[in-house]
Every structure is written in C-alpha cells, then in structure tokens.
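Colleague: I have not seen this one before. Could you take me through it?
Modeller: Certainly; please have a look at it first.

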Amino acid sequence: MRRILIADDHSVVRKGLKQILQEAFPSALITDVADAEDLIKKVMMEEWDIVISDISMPGRSGLDVLQQIKQNHPKLPVLILSMHPEDQYAIRVLKAGASGYLNKETATEELVTAVNRLLLGKKYITSTIAERLATSLDQDGEKSPHEYLSDREFEVLKLLASGKSVSDIAHQLSLSVTTVSTYRARIMIKMNLKTNADLTLYAIEKKLI
C-alpha cells in the first residue's frame with residue numbers, strides 16, 4: 001500500500017489534492033498536515049513513499065524543511081508545490097534535493113503524472129524547467145543578482161520586498177532579529193542596493209513578488 005504525505009496550510013488545497021490522488025491510487029494511505037513542524041514530525045516518525053509539500057507554510061522555511069527531510073531520508077521523493085512561478089523557485093528546490101516542482105495552477109492536470117514518475121524513482125520537471133536548467137549550464141556569467149543569493153537570503157529578500165519588517169520576518173522564519181538583519185545586510189551588499197524600497201522595486205521588475 002502506497003503511503004503519501006501532503007503538507008499545505010490551506011485546507012481546501014489539501015482536500016483537493018487528496019481527492020485527486022485517492023482517485024488515482026484508491027488503495028493508498030493519504031495523510032495531510034497543515035504546517036512545517038507537523039510535516040517534520042510525520043516524516044521522522046513514520047515511513048512514506050512520497051511527500052508532497054507546499055514551499056510556503058507557517059513556521060519554518062519550506063526550503064529548510066526540504067533540506068532536513070533529505071538529510072534524514074535522502075531517498076524519500078519530495079514533490080514541491082507552489083504558487084510561485086517556476087523560474088523563481090524550481091531550480092533552487094531541485095538543487096536542495098526535491099524530486100520535482102509543480103506550480104499549483106497546473107497541479108490538477110499534472111499531479112498524478114508527477115507522482116507516478118517520483119514513485120518510479122524518476123524526477124519530474126516541466127519542459128520550462130528543463131529549458132531553464134539547460135540554459136543555466138552555460139549562462140552562469142549572465143545571472144541576475146538575486147540568483148547569487150543563498151536560499152535563505154532569497155527568502156528574506158522576497159519577504160522584505162513584500163513589505164515585511166525585520167521583526168515580522170524573524171517571527172515567521174523562527175530566527176532572531178539580529179540574524180535577519182545580518183541577512184538583510186548581506187543581500188544589500190550582494191545586490192548593490194541601499195534601501196527596502198530598492199529591494200521592492202527590483203523584486204517587482206523581476207516579478208519576484
């Protein structure tokens with residue numbers, strides 16, 4: 001019996017994903033959780049054939065959770081779902097150990113295909129991601145400034161650009177205010193920017209928010 005774990009903070013999304021998967025895998029045990037901490041607990045305490053997780057949930061960063069899962073269960077396939085466009089997160093999550101990335105807008109049509117590929121031990125990437133991966137191999141010198149940021153720095157960038165304060169970000173990511181301030185300073189230096197307004201303008205121009 002297949003064991004599938006779904007993590008998403010929206011109950012409607014979890015219900016929809018479960019319905020799609022239950023129809024495709026009628027004998028599967030499908031469990032869902034609503035936040036990052038419960039996801040980690042379930043992965044650590046039980047055996048799963050596949051994890052399907054949103055990248056943005058209350059509590060810890062989705063990328064942090066992904067990395068912890070892969071450290072403890074390197075062979076466990078993880079399919080990341082997100083509302084973010086593929087060009088923002090897909091490459092990052094694949095490098096972090098995800099077996100696939102799926103935009104929620106196409107999940108209804110592609111979810112079962114993606115899950116089947118992961119259960120066979122394969123990766124799932126769309127043609128858009130494949131093209132971007134191929135292009136990135138010979139365009140390292142042409143990256144945008146934000147592509148040189150670490151995963152955590154990129155996450156802080158997006159939150160700052162969306163109007164979050166340093167204290168808000170610290171609370172959301174379970175970090176100290178000092179740590180977030182340090183990330184902010186690194187981001188400003190790496191991207192040659194001076195103010196949060198500059199960050200917001202950059203993020204809008206690059207369609208990061």
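Colleague: At what angle do the axes of helix 1 and helix 5 cross?
Modeller: In this predicted model, the axes of helix 1 (residues 11-24) and helix 5 (residues 107-119) cross at roughly 50° and come within 10 Å. That angle is neither under 35 degrees nor in the range from 65 to 115, so helix 1 is oblique to helix 5.

Colleague: Is that crossing of helix 1 and helix 5 left-handed or right-handed?
Modeller: The crossing of helix 1 and helix 5 is right-handed.

Colleague: And how do helix 8 and helix 9 pack?
Modeller: Helix 9 covers residues 177-191, and its axis lies 8 Å from that of helix 8, at an angle of about 115°. Helix 8 is therefore roughly perpendicular to helix 9. Their crossing is right-handed.

Colleague: Changing topic: what volume does the second largest pocket have?
Modeller: Its volume is about 370 Å³. The second largest pocket is lined by 21 residues, and those closest to its centre are Ser-56, His-84, Glu-155, Leu-159 and Gln-172.

Colleague: Which helices supply at least two residues of that lining?
Modeller: Helix 3 (62-72), helix 4 (86-95), helix 7 (151-161) and helix 8 (166-173) each do. The largest share, three residues, comes from helix 7.

Colleague: How do the lining residues divide into nonpolar, polar and charged?
Modeller: Nine residues of the lining are nonpolar, eight are polar and four are charged.

Colleague: Last topic: where is confidence lowest, and where is it highest?
Modeller: Confidence is lowest in helix 6 (residues 127-137), with a mean of 70, and highest in strand 1 (residues 3-7), at 97. The protein averages a pLDDT of 88, and 95% of the residues score at least 70.

Note on methods: Residues are numbered from 1 along each chain as its sequence is written. This is a predicted model: local features need pLDDT of at least 70, side-chain atom pairs count only at pLDDT 80 or more; totals for chains, interfaces and linings use all residues. Side-chain values use heavy atoms; hydrogens and water are left out. On a 1 Å grid over the protein atoms alone, a cavity is a set of points where a 1.4 Å probe fits but cannot get out, and a pocket is an open set with protein on both sides within 12 Å along at least five of seven lines; lining residues have an atom within 4 Å of a point. Grid points are joined across faces, edges and corners, and a volume is the space filled by probe spheres set on the points. Helices (H or I, at least four residues) and strands (E, at least two) are DSSP runs, numbered from the N terminus. Ala, Val, Leu, Ile, Met, Phe, Trp, Tyr, Cys and Pro count as nonpolar, Asp, Glu, Lys and Arg as charged, and the others, Gly among them, as polar. pLDDT is the predictor's confidence in each residue, from 0 to 100. Axes are lines fitted to C-alpha atoms, for helices over the stretch in contact, and angles run from 0 to 180 degrees between N-to-C directions. Angles under 35 degrees count as roughly parallel, over 145 as roughly antiparallel, 65 to 115 as roughly perpendicular and the rest as oblique. A crossing is left-handed if the near helix is turned anticlockwise from the far one by less than a right angle, and right-handed if clockwise.
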